[in-house]
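Biologist: Hello! I am new to reading models like this one, and I would appreciate a patient guide to one part of it.

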Amino acid sequence: MGRLLPLLLLLACVAHPAVAQTLKVGISPDYPPLAFMDQGQMVGIEPDNVKAVSNMINRQMKIVSMPFDQLIPALKQGEIDIIMSGLSITDERSKEVLFTNSYMEIGQMAILHRDKVGSFSQPWAIYQEGVRIGVEPGTTGDTFAREQLGNAEILYFENPMAAFNGLRNNEIDLYVHDAPTSWQLARAGSADDLISLYHPLTDEFLAWAVRPGDEALVQTLNTALRTMKANGTLRYILNRWIPVTVEVR
């Protein structure tokens, strides 16, 4: 029996290696209301999603903050296990990561200074020649501008706040970014000089991502997501941070 007990303990550890393992979740906190810093705390839809999923799968999940363009490389290198950072599903990204089911439908929207509303009141106005379009590099807004706005002058900004300053300084006419950035304008009193056209330019779906081949983890996340949709947890989280109606798929 003296030898049997250590052997049984060893087998238990081998049979359940992931029970005590903390899942590392990569988030870029520069994307309100998906994820952003507020008084030294990371808050928003994705941090709330992390808490909800952690409770549902009964597993510790640690948030790792990093720039958006480092998320996929960090996932592939094993520095993080999951990306939960407002990531849009694209064919290009699907070659590098394994996506979960979508938790929200969004699209690209154009933001402008209120002084220019008259010039862009018609949906086709964004496609005019010579329009100065601001985008964030590596985003689906960047892809949309390069593929669909061939007559535009495209300028790059590191994040939405930098682009907002570009709008205020008349460096660009429009800033194209994910719908959540436009929704945030509706709840941020400090940006009342800017407005979104609230007309989706694309149809996109947000999802979480894991390493290719990690089918067990993606299945676990999908199960948690189905529960969140069924019991109202996801709707509660979205309503908490978004002042407008969005589609949940």
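How many helices and how many strands does the chain have? After that, please take a close look at the largest cavity and the residues that line it.

Modeller: Gladly! This is a predicted model, in which local features need pLDDT of at least 70 and side-chain atom pairs count only at pLDDT 80 or more, while totals for chains, interfaces and linings use all residues. Residues are numbered from 1 along each chain as its sequence is written, and side-chain values use heavy atoms, with hydrogens and water left out.

The chain has nine helices and 14 strands; these are DSSP runs numbered from the N terminus, with at least four residues of H or I for a helix and at least two of E for a strand. Of the 249 residues in the chain, 47% are buried, that is, under 20% relative accessible area with a 1.4 Å probe and protein chains only, against over 50% for exposed and in between for partly exposed.

Now to your cavity. A cavity is a set of points, on a 1 Å grid over the protein atoms alone, where a 1.4 Å probe fits but cannot get out; a lining residue has an atom within 4 Å of a point. One cavity of 30 Å³ or more is counted, and the largest cavity holds about 120 Å³ of space (the space filled by probe spheres set on points joined across faces, edges and corners). It is lined by 13 residues, and those closest to its centre are Tyr31, Phe68, Thr139, His177 and Asp178. Strand 2 (30-31), strand 6 (82-88) and strand 12 (174-178) each give two or more residues to this lining. Strand 6 supplies the largest share, three residues. By type, the lining has two nonpolar, seven polar and four charged residues. Here Ala, Val, Leu, Ile, Met, Phe, Trp, Tyr, Cys and Pro count as nonpolar, Asp, Glu, Lys and Arg as charged, and the others, Gly among them, as polar.

For some context beyond the cavity, look at helix 2, which runs over residues 45-57. Ten of its 13 residues are buried, so helix 2 is largely enclosed by the rest of the structure. Among those buried residues are Ile45, Pro47, Val50 and Ile57. Just after helix 2, Asn58 takes a positive phi of about 55°.

Another spot to find is Leu155, which sits in strand 11 (residues 153-156). Leu155 is partly exposed, with a relative accessible area of 25%. Its C-alpha atom is separated by 4.8 Å from that of Gly134, although the two residues are 21 residues apart along the chain.

Definitions and conventions
Expected span 1.5 Å × (residues − 1). 1 Å grid on protein atoms, 1.4 Å probe; cavity = no way out; pocket = protein on both sides within 12 Å on 5 of 7 lines; lining within 4 Å.
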